[in-house]
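The following note was prepared for a colleague who is about to examine this entry. Please read it with the sequence and the coordinates open.

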Amino acid sequence: MIERINRLLAEIEAIKAGSLEEVEQLRLKYLSKKGLVTVMFDDFKTVPAELKREVGQRLNELKNKAGQRIEELKSGFDQVQASSATSLDLTRPVNSMQPGTRHPLSIVRNQIIEIFGRIGFTVADGPEIEDDWHNFSALNFTADHPARDMQDTFFIATNPDILLRTHTSSVQIRTMENTKPPIRMIFPGRVFRNEAISARAHCIFHQVEGLYIDKNVSFADLKQSLMYFAKEMFGENTKIRLRPSYFPFTEPSGEMDVSCLICGGVGCNICKHTGWVEILGCGMVDPNALENCGIDSQAYTGFAFGMGIERITMLKYQIRDLRLFFENDVRFLQQFTGS
Ligand code: PHE
């Protein structure tokens, strides 16, 4: 038995293979169920008891050696394969990878940030998941205020309410709570409302709100800043008009229209033949909102405004359906360039 083991051991040490298939043949020859090494274990039963210990050891040695040798041969081929895979085939066509383009909403958001940056507004952001205080109560939306109906949203928890913010006015509150005036900031971000999706509305959209608080800030400052914005955004000939409106956290409040870019104010179906298109809400910050954030409303006044980035983008590029922004069709997205 020992002699047979030695012979097999010598044989196995000398095996060579020319391919991976040959290695597999060798593995079957020695190590499969009926393999030369395996059957030796069957014969082990016949070994006299006093030799079992020595023979057993040698048998295990043989089996390990055979396994090792087969692995060695195999890994030799693995290396050969790996190195041939890295060799270059210069005739292969390249993988065509098209660089993406910036999303139109990002382009317009960056423009808005840049325009207000030129008149001293810096940028801040806040959480998309808000509590009732920052999204509603601090902004004068008391618990049963009807204005809450217009901003129904998605609630993560109730009592106390945790919700997806309906506007970036929540960031105005957070800023006023943490910053001493003067404050001159804009707040771009994603907002959420419980709206059916259509060409003009979506349950997710984007806003930029602005806030300016200092001593002696007046409605004239509001109007001048927004006029500057409109002309920079839509062109020097753009006219603006302010209509009275209502928001719980501004008093007085207004909505701003710009003269229709498409027809120049003559009337078309984009402006519903009025010559004007609404682009934002605005007003003087209600003293209550200031006091809610620890700002002395006797010493300070301020204005705020808020616009939907989708609306501005649709106007600027004459896009008729808001859903296009969310569908990620590259044929749509590739039409916009810029930073
Ligand atoms: N937060 C308001 C909205 O989302 C917009 C707004 C902002 C109005 C600031 C006035 C002042 O509808």
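The points below take up the domains, the ligand site and the backbone in turn.

1. Nature of the model and its domains. The structure is a predicted model, and this should be kept in mind for every value quoted here. The domain assignment of the protein chain gives two entries, domain 1 covering residues 2–84 and domain 2 covering residues 104–336. Taken over C-alpha atoms, the centres of domain 1 and domain 2 are 78 Å apart.

2. Location of the ligand. The largest pocket is where the ligand sits. Three elements each give two or more residues to the shell around the ligand: strand S6 (204–214), strand S9 (276–285) and strand S10 (301–308). Of these, S10 provides the largest share of the shell, namely three residues.

3. Composition of the shell. Which residues come nearest to the ligand? Of the 14 residues around the ligand, they are His167, Ser169, Arg193, Gln207 and Glu209. By class, the shell divides into seven polar, five nonpolar and two charged residues.

4. Polar contacts. Two side chains face oxygen atoms of the ligand: an N or O atom in the side chain of Arg193 is 2.9 Å from a ligand oxygen, and an N or O atom in the side chain of Gln207 is likewise 2.9 Å from a ligand oxygen. With Glu209, the partner is a nitrogen atom of the ligand, which lies 2.9 Å from a polar atom of that side chain. As for burial, the ligand taken alone exposes 330 Å², and the protein buries 93% of that.

5. Cis peptide bonds. Most peptide bonds are trans. Two bonds in the model deserve inspection on this account. The bond from Pro181 to Pro182 is cis, with omega near 0°; Pro182 is placed in the loop between helix H7 (169–178) and strand S5 (183–192). The bond from Glu251 to Pro252 is also cis, with omega near -5°, and here Pro252 lies within strand S8, residues 250–259.

6. Positive phi. Most residues other than glycine have a negative phi. What is the sign of phi at Asn216, positive or negative? Phi of Asn216 is positive, with a value near 65°. Asn216 is found in the loop between S6 and helix H8 (219–234). Strand S6 has already been named among the elements that contribute to the ligand shell.

Definitions and conventions:
Residues are numbered from 1 along each chain as its sequence is written. This is a predicted model: local features need pLDDT of at least 70, side-chain atom pairs count only at pLDDT 80 or more; totals for chains, interfaces and linings use all residues. Side-chain values use heavy atoms; hydrogens and water are left out. A residue is near a molecule or strand if one of its heavy atoms lies within 4 Å of it. A polar contact is a pair of N or O atoms within 3.5 Å; within protein, one must be able to donate a hydrogen and the other to accept it, and residues adjacent in sequence count only if both atoms are side-chain atoms. Accessible areas come from the Shrake-Rupley method with a 1.4 Å probe; for residues, only the protein chains shown count as cover. On a 1 Å grid over the protein atoms alone, a cavity is a set of points where a 1.4 Å probe fits but cannot get out, and a pocket is an open set with protein on both sides within 12 Å along at least five of seven lines; lining residues have an atom within 4 Å of a point. A molecule sits in a cavity or pocket if more than half of its atoms lie within 2 Å of its grid points. Helices (H or I, at least four residues) and strands (E, at least two) are DSSP runs, numbered from the N terminus. Ala, Val, Leu, Ile, Met, Phe, Trp, Tyr, Cys and Pro count as nonpolar, Asp, Glu, Lys and Arg as charged, and the others, Gly among them, as polar. Domain bounds come from an automatic or database domain assignment.
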